[in-house]
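User: Could you take a close look at one part of this model for me? I would like to see how a single helix relates to the core and the pockets around it.

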Amino acid sequence: MHDAARPDLREYAARLRLVKDQALDGPGDAATAKQWAAGKLTVRERLALLFDEGSFQEVEPLRRHRASAFGMADRRPYTDGVVTGWGTVHGQTVFAYAHDFRIFGGALGEAHAEKIHKVMDMALSAGAPLVSLSDGAGARIQEGVTALAGYGGIFRRCAQASGVIPQISVVLGPCAGGAAYATALTDFVFMVQDTSRMFITGPDVIQAVTGEVISHEELGGAGVHAERSGVAAFTYDNEADCLADVRYLLTLLPPNNRSVPQQHPSADPPDRRTDSLLDLVPADPRASYDMTEVIAAIVDDGEYLEVHQRWAPNIVCAFARLGGQVVGIVANQPARLAGVLDIDASEKAARFVQTCDAFSIPIVTLVDVPGFLPGREQEHDGIIRRGAKLLYSYCTATVPRVQLILRKAYGGAYIVMDSRSLGADLSYAWPANEIAVMGAEAAANIIFRREITASADPAATREGRIREYREELMHPYYAAERGLVDDVIDPAATREVLIRSLRMLRGKHESLPARKHGNQPV
């Protein structure tokens with residue numbers, strides 16, 4: 001029997017709209033104005049920039065915390081300070097969670113954490129990328145240990161999803177304490193100049209414990225993490241540009257480790273000659289040039305996305321396409337520190353190689369390296385242990401791997417830069433290549449030291465021995481004659497040769513020995 005006093009479904013729907021509008025609007029105009037005054041967008045504005053228009057489906061928008069102490073019972077806003085859900089980015093399903101700094105400063109409590117746990121579980125189950133938009137003050141102290149347990153759940157899920165789905169962190173405000181570790185566990189970190197801050201302990205704690213006075217920007221700003229710590233892979237001047245590149249990066253990654261990145265046909269001909277390289281790269285191994293210009297000349301339409309551009313600039317790591325296929329490029333940069341390998345360059349490249357291998361992205365290694373950076377500081381800071389990370393990453397990578405030696409490749413650095421002995425599928429060299437234990441000058445000084453010292457004309461003797469060493473062991477075809485290089489190619493044919501090689505390797509299948517996991521150098 002119908003109850004006349006009971007509202008009908010239309011009235012229930014109208015009430016629902018009012019509640020949903022309240023959740024969408026957030027804490028009000030004053031809080032929104034304060035967010036804008038800080039140079040930051042609101043959580044809804046950010047999600048609108050990230051996802052395709054109208055595609056975002058929110059999960060648990062009506063969730064509220066259940067804490068009661070310290071006045072929390074009277075402050076129970078919808079969403080509990082984090083918006084979670086999924087949508088599409090260029091048509092591909094992507095999950096996200098985004099802190100709302102206007103609610104409890106974006107601090108994480110029990111309900112807040114459970115919402116994040118749920119969307120992380122959904123992303124892993126669906127096999128889709130996960131993006132976090134961080135703008136929060138760490139753990140919600142009013143909720144005590146339950147907030148800390150919430151971070152533990154995030155850490156565990158980040159680790160479980162590592163190498164299974166792409167995880168991207170976008171820091172758009174404060175990111176302190178546990179939130180910083182949640183960010184560090186992901187694959188890529190984006191930051192914005194002047195508004196992003198990331199640290200384990202803030203300036204106030206540091207001053208109280210050590211007496212040191214330091215600003216938020218000096219401690220954990222975007223510049224610090226882009227140039228010194230290496231935490232930030234990408235930095236931008238504003239949020240719109242930042243989120244636009246997050247969308248672009250997602251087009252270069254597969255949805256999960258069981259898929260490959262989408263092919264994007266290009267009008268750039270696969271057999272296009274790269275004659276500009278003949279003038280761009282000097283034959284003299286001591287002369288400098290910009291490796292990014294080489295990359296731009298080779299890849300489709302000259303487009304590439306460089307990772308960690310401001311950290312360890314003596315090595316370049318970038319995503320690009322060759323013949324429509326996504327590739328990861330690792331390249332020495334002669335324009336910075338002569339392209340030498342050091343601790344930071346080794347760790348940067350090792351991380352990039354591992355990421356490419358996890359997500360089935362072929363690796364192209366462009367080599368022009370004089371060796372490892374010598375010095376007491378490097379040795380004492382662990383170049384042996386930390387440089388071995390790059391060796392380990394290449395040795396365990398099972399994706400297609402192609403090496404190209406442009407000019408010099410000396411000593412252990414030649415081996416480390418994905419030589420044939422490490423398992424590169426194909427190795428090519430340009431006709432001015434020099435592959436040797438060391439440069440001819442250093443080699444002659446060691447081998448013929450006594451002869452040069454005893455000579456009536458040491459300079460002439462030294463020059464003669466240098467020339468002899470170079471002609472005997474460093475001529476362009478020495479490695480090819482011994483099968484260490486598959487072919488010596490015309491630089492103008494580089495693009496065509498690389499694309500042809502990658503097409504051949506597309507069906508590569510390689511398995512590592514059965515084991516629980518390796519024990520990578522740390």
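Analyst: Happy to help; here is a look at helix 13 and what surrounds it.

This is a predicted model, where local features need pLDDT of at least 70, side-chain atom pairs count only at pLDDT 80 or more, and totals for chains, interfaces and linings use all residues. Residues are numbered from 1 along each chain as its sequence is written, and side-chain values use heavy atoms, with hydrogens and water left out.

Helix 13 spans residues 343-358 (helices are DSSP runs of H or I, at least four residues, and strands are runs of E, at least two, numbered from the N terminus). With six residues, helix 13 gives the largest share of the largest nonpolar core. That core has 63 residues, and Val131, Ile168, Val170, Phe190 and Phe319 touch the most other members.

Now to the pockets. Helix 13 also gives the most to the lining of the largest pocket, with seven residues. Strand 6 (188-192) and helix 15 (383-396) each supply at least two residues there as well. In total 25 residues line this pocket, with Gly230, His308, Trp311, Glu347 and Arg351 nearest its centre. Twelve of the lining residues are nonpolar, eight polar and five charged.

The second largest pocket has 14 lining residues, and Asp357, Thr396, Leu512, Arg515 and Gly518 lie nearest its centre. Helix 13 and helix 15 are the elements that give two or more residues to this lining, and helix 13 gives the most, with three. Here the lining divides into three nonpolar, seven polar and four charged residues.

Methods. Core = buried A, V, L, I, M, F, W, Y, C linked by side-chain atoms within 4.5 Å. Buried < 20%, exposed > 50% of the residue type's maximum accessible area, 1.4 Å probe, protein only. 1 Å grid on protein atoms, 1.4 Å probe; cavity = no way out; pocket = protein on both sides within 12 Å on 5 of 7 lines; lining within 4 Å. Nonpolar A, V, L, I, M, F, W, Y, C, P; charged D, E, K, R; others polar.
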